[in-house]
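Student: Could you walk me through one part of this protein up close? I would like to look at the residues that its database record marks as the active site.

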Amino acid sequence: MLPSQPLLQAVVFTLAVLQALASDTFIAAVYEHAVILPDVSDEPISPDDALALMNKNMDVLEGAIKEAAQQGAHIIVTPEDGIYGWRFTREAIYPYLEDIPDPAVNWIPCTDPLRFTPAPVQERLSCMARNNSIYVVANIGDKKPCNSSDPSCPSDGRYQYNTDVVFDPEGKLVARYHKYNLFRGETQFNYPKKPEAVTFETPFGKFGIFTCFDILFREPAVVLVSELQVDTVLFPTAWMNVLPFLTATEFHSAWAMGMGVNLLSANTHNISLAMTGSGLFTPEGPAAYHYDSETEEGHLLLAELSARPRLSPTYPPAINWSSYATSIKKFPGEKDTFTGTVRRDVFTFNELMRKAGNYTVCQGDLCCHLIYRMSNKSKDEVYVLGAFDGLHGSLIKYHWQICTLLKCKSTDLNTCGQPVEMAQTKFEMFSLSGTFGTNYVFPEVLYSGVQLAPREFEVLRDGRLKSKHRTSKPLVTVTLFGRLYEKDLPHPLRTSP
């Protein structure tokens, strides 16, 4: 007699758990999804039409989930806005939203879909997880009614939140996170009254979750890693690439290294908006990543990761990011500095006049030191050392400290800081350091063609970002990206309860 389907699923789930418990590693997947977008409209469509659009996207996601599970993945992360897109007013997005309960209710939508108000999206995501015995991470919208007794209640009587959900291999809702730092233009959503630090335990480590713009702020990102000690961060995102420092794979890999955790980053794919770049990033560098600015296709990534990276023998040692830079005398060059703009941020630059040398450039409390040697400097390429110490952002202002070696767009120094993707010059070596006033510093090395440099550089315990050997590809940027969270200005849009 063949076992029943529920019994068979329970056996498969139990075996998967035992297998994970027996290993110090797990297989993770992320899917970069080319979202099928609705027609642009200020008016809401019918719930049936909204669900039809979402089902088209979930058809694609389900295919990726099945493929990941067949390849042994224990968890898969899908992108922010991956089920319905982003072209919405507050009113127009409403038919796409569902009421997402607190995971404490212990709910499996796949087997008990009528327990709460109709939630066909949660039911289908739950069934994807259950039918494939895999953790599924998705981004959807949550709606919560409110009334006049709540002074923060919107005039339409509801809160609307950009929300991540996680379903375990049984299909149970185990995590719900409301995005705390909304990006400009996300006026269809409300800010939560307080930040949420969402974690959950798995057989392969402690997981935390947040969304896109959240990664740049102390809450929830630093709280999850530094205070709650998660092993892995789940990161649905819709990231628009911004060279020279905030390209998705570049910054997300650097963040994982700087914070010392795994980061499972799943990006939306839309080349007209420069959205691409997903990866499985670790404290040692990228395990796998994808960047495609040419095609309109989605992409699945898988990699085996350490379940508890802090216990790994290869876990990087603690770094004093200012130790070396504050111990040496300034290198020559301060008299030859000039200013240049990187997305409205005014940097202090110094041109690298020779094929090899030592330079220092300072701004505010930050001094950046560079030792370098080029191997085949192209005559029509100019490189500079730059420093920035100040507030970034036009509306929401947060404090950066940045030391960077970067290629200018042309030989005209006025172009230094403008986006550049291609280069011809390779380096025999480089060593970059800075007098940072923070322990939160993220090391980046970007090669020509927006390619990362896995295992080709290292950060020494005294804060020097150094090449291990001659660069294998021409160099676009080398950057130490610091965040002084304590100097951020109060958020101008988030309202108090």
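Tutor: Happy to; here is a tour of that site, residue by residue. Keep in mind as you look that this is a predicted model.

The unreviewed UniProt entry gives the feature "active site" at Glu 80, Lys 179 and Cys 212. These residues are spread over 133 residues of sequence, yet they cluster in space, with a largest C-alpha distance of 10.4 Å. The lining of the largest pocket includes Glu 80, Lys 179 and Cys 212.

Let's begin with Glu 80. You will find it in the loop between β2 (75-77) and α3 (90-93). Its relative accessible area is 2%, and because buried means under 20%, Glu 80 counts as buried. Its side chain makes a polar contact with the side chain of Lys 179, at 2.9 Å. Leaving aside neighbours within four places in sequence, Glu 80 is also in contact with a number of other residues, among them Asn 139, Asn 162, Glu 186, Thr 211 and Cys 212.

That last contact brings us to Cys 212, which sits in the loop between β7 (205-209) and α5 (218-227). Cys 212 is buried too, with a relative accessibility of 7%. Not counting residues up to four places away in sequence, Cys 212 touches both Glu 80 and Lys 179, along with Phe 235, Pro 236, Thr 237, Ala 238 and Trp 239. Pro 236, Thr 237 and Ala 238 are also among the contacts of Glu 80, so if you display that stretch, you can follow it from Cys 212 back to Glu 80.

Definitions and conventions:
Residues numbered from 1 in each chain as written. Predicted model: local features only at pLDDT ≥ 70, side-chain atom pairs only at ≥ 80, totals over all residues. Heavy atoms only, no water. UniProt positions renumbered as here; feature names shortened; annotations may be inferred. 1 Å grid on protein atoms, 1.4 Å probe; cavity = no way out; pocket = protein on both sides within 12 Å on 5 of 7 lines; lining within 4 Å. Helix = DSSP H or I, 4+ residues; strand = E, 2+ residues; numbered from the N terminus. Buried < 20%, exposed > 50% of the residue type's maximum accessible area, 1.4 Å probe, protein only. Contact = heavy atoms within 4.5 Å. Polar contact = N/O pair within 3.5 Å; in protein donor to acceptor, adjacent residues only side chain to side chain.
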